[in-house]
Protein chains: 2
Amino acid sequence: MWVRDRDATLADIAAAAETHRATLHRHFPSRTELLDATVRSCVAEIVTATEAAAIAKGPPLAALRRLVAAYLAIGDHIRFLFEDLAVTRHPAVAELTAADGPVTELIRRGQADGTLDTSLAPAWIERSIWALVYAASEAVNDGTLPAHDALPVLLRTIEDGITRPRHRNRPRGTNP
Amino acid sequence: MWVRDRDATLADIAAAAETHRATLHRHFPSRTELLDATVRSCVAEIVTATEAAAIAKGPPLAALRRLVAAYLAIGDHIRFLFEDLAVTRHPAVAELTAADGPVTELIRRGQADGTLDTSLAPAWIERSIWALVYAASEAVNDGTLPAHDALPVLLRTIEDGITRPRHRNRPRGTNP
DNA sequence: TCCTATTGCGACCCTGATGTCGCATACTTG
DNA sequence: CAAGTATGCGACATCAGGGTCGCAATAGGA
């Protein structure tokens, strides 16, 4: 796979790509440019997924669920961007998370219509979603969480936390 | 501070410790031994905090709250251990998270007494707690979340998720 | 078929970081 | 005060990894 470990040598990466180190240098003059390109590619993937989820339309909670599902589906990319601080601090990634973007807007909509907790700051809600999506993806990746439960479990955790439900009257989950 | 960046040169670390690189080598022959020692120290800190929270005693939810508060208080250490994959994979850390330890036991107790959701696997609950504690610590660290709200906000998120409360009848939080 | 672009491959240099030593200088402890 | 210990300090060896180059082989298109 790609740059699984940031420690990976260019030789390792080339080997993983079944090519030669020199060839790698022909495409990406320096190591940092390779990293940049990879990061940008991943960020683009996430942006695409976000747009595909049509966040701005429909009830906020449903939109949020679509978004989370979309993110979980590209968990590899999410993990790559957030598993390494040096990558996470990359401008492109920082912009993705820090910015007051469409996700923040969605959260505000959710708070406005009474779906989401207004006592939590949108920035924190957004961050906690990222954190849980990352955790779920990691869990799926290392086999702790079966892939087919991952989404409902993740949604349940994000929406209602880990305590026992007091009353269960809202539909949830996307699979039967 | 310590090994804030794993990329930090030994010279950097020595400088940060206001000492000389050679002196560092006298204490820790190799770089990896230094890392080991630091990781072990952090893990020990966490173990101590866990024990101090007296997890095994009292109502599970209250115990969980004590635990989360304790973890948040040593957020620096938690971040250090989890912000870098190479560190996270360190045997000592892996043992801390993967093991079926006292926290897992606490979660089982919580599920048994009806406090925690039994539809979520204990391993997942444990992981999501780590993820949210990490996220909160990070948020406090970078100024996104005011330090004084961090704990109640974190507990709220862990326990009830991000959706609007249907009924609020349980006391929460440790500060007025 | 021939021409061109791309790749494989090995050799090379260079930089930066690690690890080692020897010595001079405090600092503490008896 | 004296001995032993820890530290500051610079010099040095080593080495892994990044980046460059030239050349042969191959593929692919006109």
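Which atom of DNA strand D is 2.8 Å from an N or O atom in the side chain of B:Thr23? Select B:Thr23 together with strand D and you'll find that the partner is a phosphate oxygen. Keep in mind as you click around that this is a predicted model.

**Stop 1: DNA strand D**

Stay on this strand and bring up B:Thr19 as well. An N or O atom of the B:Thr19 side chain lies 2.6 Å from a phosphate oxygen of DNA strand D. Now hop over to chain A and show A:Leu10, where a polar backbone atom is 3.1 Å from a phosphate oxygen of DNA strand D.

Next, widen the selection to the residues around the strand. There are 16 of them, and those that come nearest are A:Arg21, A:Arg31, B:Thr19, B:Thr23 and B:Arg26. Of the atoms of DNA strand D that come within 4 Å of the protein, sugar and phosphate account for 45%. Try colouring this surface by residue class: you should get four nonpolar, seven polar and five charged residues. Highlight α2 in both chains too, since α2 of chain A and α2 of chain B each supply at least two residues of the surface near DNA strand D.

**Stop 2: DNA strand C**

Switch to the other strand. Here the nearest of the 16 surrounding residues are A:Thr19, A:Thr23, A:Arg26, B:Arg21 and B:Arg31. Sugar and phosphate make up 50% of the DNA strand C atoms that come within 4 Å of the protein.

Pick out three side chains of chain A:

- A:Thr19 has a polar side-chain atom 2.6 Å from a phosphate oxygen of DNA strand C.
- A:Arg26 has a side-chain N or O atom 2.7 Å from a base oxygen of DNA strand C.
- A:His27 has a side-chain N or O atom 3.4 Å from a phosphate oxygen of DNA strand C.

Which helix gives the largest share of the surface near DNA strand C? Select α2(A), which contributes five residues. Residues 21-27 make up α2 in chain A and also in chain B, and each of these helices supplies at least two residues of that surface. Coloured by class, the surface near DNA strand C shows three nonpolar, seven polar and six charged residues.

**Stop 3: the two chains**

Zoom out and superpose chain B on chain A. The fit takes a rotation of 180 degrees with 0.1 Å of shift along the axis, and the RMSD is 0.1 Å. That is how a two-fold axis relates its copies. To find the axis from chain B, go to B:Gly161: its C-alpha is the nearest in that chain, 2.0 Å away. Then select the interface: 100% of chain B's interface residues are interface residues in chain A as well, so the copies meet through the same surface.

**Stop 4: helix α4 of chain A**

Select residues 60-73 of chain A. At 1.5 Å a residue, these 14 residues should span 20 Å, and the end C-alpha atoms are indeed 20 Å apart. Is this helix enclosed or open? Because 10 of its 14 residues are buried, α4(A) is largely enclosed by the rest of the structure. Among the buried ones are A:Leu61, A:Leu64, A:Arg65, A:Val68 and A:Tyr71. Show the neighbours next: the buried residues pack against α3, α5, α8, α9 and α10 of chain A.

**Last stop: B:Arg79**

Finish in chain B, in helix α5 (residues 75-82), where B:Arg79 sits. This arginine counts as buried because its relative accessibility is 12%, below the 20% cut-off. Its side chain makes a polar contact of 2.6 Å with the side chain of B:Asp76. Farther along the sequence, B:Arg79 touches B:Tyr134, B:Ser137, B:Glu138 and B:Asn141.

Notes
Residues are numbered from 1 along each chain as its sequence is written. Chains are lettered from A and ligands numbered from 1 in the order in which they are written. This is a predicted model: local features need pLDDT of at least 70, side-chain atom pairs count only at pLDDT 80 or more; totals for chains, interfaces and linings use all residues. Side-chain values use heavy atoms; hydrogens and water are left out. A residue is near a molecule or strand if one of its heavy atoms lies within 4 Å of it. A polar contact is a pair of N or O atoms within 3.5 Å; within protein, one must be able to donate a hydrogen and the other to accept it, and residues adjacent in sequence count only if both atoms are side-chain atoms. Helices (H or I, at least four residues) and strands (E, at least two) are DSSP runs, numbered from the N terminus. Ala, Val, Leu, Ile, Met, Phe, Trp, Tyr, Cys and Pro count as nonpolar, Asp, Glu, Lys and Arg as charged, and the others, Gly among them, as polar. The expected span of a helix is 1.5 Å times one less than its number of residues. Buried means under 20% relative accessible area, exposed over 50%, partly exposed in between (1.4 Å probe, protein chains only). Contact means heavy atoms within 4.5 Å. Copies are superposed by least squares on the C-alpha atoms of residues with pLDDT of at least 70 in both. Lists of a residue's contacts leave out its neighbours within four places in sequence.
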